[in-house]
Amino acid sequence: MKIGVLALQGAVAEHVRSLEAAGAEAVAIKWPQQLEDVQGLVIPGGESTTIGKLMRKYDFIEAIQQFSEQGKPIFGTCAGLIVLATQIEGNQGPEQPHLALMDMKVRRNAFGRQRESFEADLSVIGINEPIRAVFIRAPLIDKVGSNVDVICETNGEMVTARQGHLLACSFHPELTDDIRLHQYFADMVRESMQQRG
C-alpha cells in the first residue's frame, strides 16, 4: 500500500513519517503523474491560498479530482481541509483555486492567529482513546452536506469530517507522536483497494 503526500508546501516529512509508522509506504508527490503510483493521498497543512495556486500552476487540480473520481482516498489536514471543501467563506472566485470535492463550508483561521495556537485531547468516532490535536491558525468546518459525517468536535465546533473516501481535519495530526488518525486513513486506503479489486 503506497500513500502519497502532496509536496507543494507544509509538513510533508512529518506526514511521511506518520504514514510509515502506520504501516504504509509513503512518497512525496511533486508531479501529477506520480498520482498513478499511489492508492491514497494526504494534502498537508500550510497556506491554503498558496497551495491552491501551486496546484493550479503544476496541473494538480484536475489530476487530484480524477484521483478522487476513482474512489481513491484523500486526507486533508488544516489547509488541506480548506482546499478539499466545496465552499470557503470569503473565497474570491477563481483567484483562489481549490478542489471542491467535499460537501462542506469552511472558515479560514477560525481559531485566530499563530499565537492562539493550542493543543487538545479530542474524541474521534472510530478511534478508541482521545487523540492529541495541534491547532495552528486552524480552519473550522461551518456547515456540512447530508452525505458528510462529522467524526470529531471541540467545544461544539466541527473539526474532523468524513465523506466516503474523503477525510479532513482542522488540526495537524502529523505534529504529534500519535499516529492513530494516519492509521485510520491507512485503513480507508486498504478498504478502498479491496473494493476496487
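User: Which residues do ring pairs link into a cluster in this model?
Analyst: In this predicted model, ring pairs join Phe118, Phe135 and Phe171 into a cluster. The count of aromatic pairs comes to four.

User: How is the geometry of a pair read, and what are the values for Phe118 and Phe135?
Analyst: Two rings pair if their centres lie within 6.5 Å, and planes under 30 degrees apart count as stacked. The ring centres of Phe118 and Phe135 are 4.6 Å apart and the planes stand at 5°, so this pair is stacked. The pair links distant parts of the chain: Phe118 belongs to strand S7 (residues 118–122) and Phe135 to strand S8, with the two positions 17 residues apart in numbering.

User: Is Phe135 buried or exposed?
Analyst: Buried means under 20% relative accessible area, exposed over 50%, and partly exposed lies in between. Phe135 has a relative accessible area of 1%, so Phe135 is buried. Phe118 has 27% and is therefore partly exposed.

User: Where is Arg137 found, and what is its phi?
Analyst: Arg137 sits in the loop between strand S8 (131–135) and strand S9 (140–144). Its phi is near 45°, a positive value in a residue other than glycine. Because its relative accessible area is 32%, Arg137 is partly exposed.

User: What is the phi of Asn155, and which strands flank its loop?
Analyst: Asn155 is not a glycine, yet its phi is positive, at about 50°. The loop that holds Asn155 runs between strand S10 (149–154) and strand S11 (157–163). Asn155 has 78% relative accessibility, so it counts as exposed.

Definitions and conventions
Residues are numbered from 1 along each chain as its sequence is written. This is a predicted model: local features need pLDDT of at least 70, side-chain atom pairs count only at pLDDT 80 or more; totals for chains, interfaces and linings use all residues. Side-chain values use heavy atoms; hydrogens and water are left out. Helices (H or I, at least four residues) and strands (E, at least two) are DSSP runs, numbered from the N terminus. Buried means under 20% relative accessible area, exposed over 50%, partly exposed in between (1.4 Å probe, protein chains only). Rings of Phe, Tyr and Trp (its six-membered ring) pair if their centres lie within 6.5 Å; planes under 30 degrees apart count as stacked, over 60 as edge-to-face and the rest as tilted.
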